[in-house]
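User: I would like to go through how the labels used for this model follow from their cut-offs. Please set each value against its definition before you conclude.

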Amino acid sequence: IIVMEEIDEIEIAIRLSRSKGVGASGFKKLIDIYGLPSKANEIWLEKQAERRLSKVSICKNCSEAQIKSTMDYIRESKCIARYYGQVGYPEQLNVLTEPPPIVYMTSKMKSMPLAAVVGSRKTDAVSISKAKAYTEKLINEGYGIISGGAVGIDTIAHETAIENNAYTVAVLANGIDMVYPSINREMFEKIKERGILITELMVGTKPYKSFFPTRNRLVAAMADLIVAFPAANSCGTIITVNWGRKLGKKVISE
């Protein structure tokens, strides 16, 4: 059931988060103080007015068309959006000093321990076998499986979860409406049935290179445990592991 007041608050939250000078940290502070995006936005605009800044000068480059398409997607129940501090926002993300102001999900997040299984995009028979066996072990221990939806170890982790009727979460580096990599289209559809797709990026956002490291911080934040398989030093696995250690998560290197 879509409550219009909540939808309105989400739209205001999106606009507030896209305002110059706010950012993730500023958004968190405003919500912590004022509770609702509408109140936070009202106070923030008043403060900007006192500084004699026009509304145009305090808005980031975020087109009305993208806001409209995002809100249409939400109103048509194609995804769920939750802002920081709202009931249903993934509590695991609160461990971040700058949690995403808004997240977009294909369904509500299930409350259960999650284990991240991450590794190289390049795989061989040995790495596939090891990743599959360890993922099955984690599932048997009661974990849901979280990863980044990429080719390679990510795919093995998600597919193993699907095969074992386990909960799985794919964190995307693009809009919830985009399919990347396209080869995983069928897998993403199955994940929607078995778990959820989640992203901090607005509808229509393409997977740019800079979005992947920020995506990996979400994987680390949401995981109770991180299992990392060998990968190149520059790849996302290392970023996820480093975030995990920074956040005090248990990290296992295979």
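User: Why is Lys78 called partly exposed?

Analyst: The relative accessible area of Lys78 is 47%, and the classes are buried for under 20%, exposed for over 50% and partly exposed in between, with a 1.4 Å probe and protein chains only. Because 47% falls in the middle class, Lys78 is called partly exposed. This is a predicted model, in which local features need pLDDT of at least 70 and side-chain atom pairs count only at pLDDT 80 or more, while totals for chains, interfaces and linings use all residues. Residues are numbered from 1 along each chain as its sequence is written, and side-chain values use heavy atoms, with hydrogens and water left out.

User: What makes the contact between Glu76 and Lys78 a salt bridge?

Analyst: A salt bridge requires a side-chain nitrogen of Lys or Arg within 4 Å of a carboxyl oxygen of Asp or Glu. The N to O distance for Glu76 and Lys78 is 3.1 Å, so the pair meets that criterion. Glu76 is itself partly exposed, with a relative accessible area of 49%.

User: How do you know that Lys190 and Glu186 form a salt bridge, and where do the two residues lie?

Analyst: Their closest N and O atoms are 3.6 Å apart, which satisfies the 4 Å limit. Both residues lie in helix α7 (residues 185–194), 4 residues apart, or about one turn of the helix; helices here are DSSP runs of H or I with at least four residues, strands are runs of E with at least two, and both are numbered from the N terminus. Glu186 is exposed, because its relative accessible area is 57%, whereas Lys190, at 36%, is partly exposed.

User: Why does Arg217 count as buried, and which class does its partner Glu200 fall into?

Analyst: Arg217 has 11% relative accessibility and therefore counts as buried, while Glu200, at 22%, counts as partly exposed. Their side chains meet in a salt bridge with an N to O distance of 2.8 Å. The pair links distant parts of the chain, 17 residues apart, with Arg217 in helix α8 (residues 211–222) and Glu200 in the loop between β6 (196–199) and α8.

User: What makes the chain as compact as a globular protein of its length?

Analyst: The chain has 9 helices and 8 strands. Its radius of gyration is 19 Å, close to the 18 Å that the globule rule gives for 254 residues, so the chain is as compact as a globular protein of that length. The radius is taken over C-alpha atoms, and the rule is 2.2 Å times the number of residues to the power 0.38.
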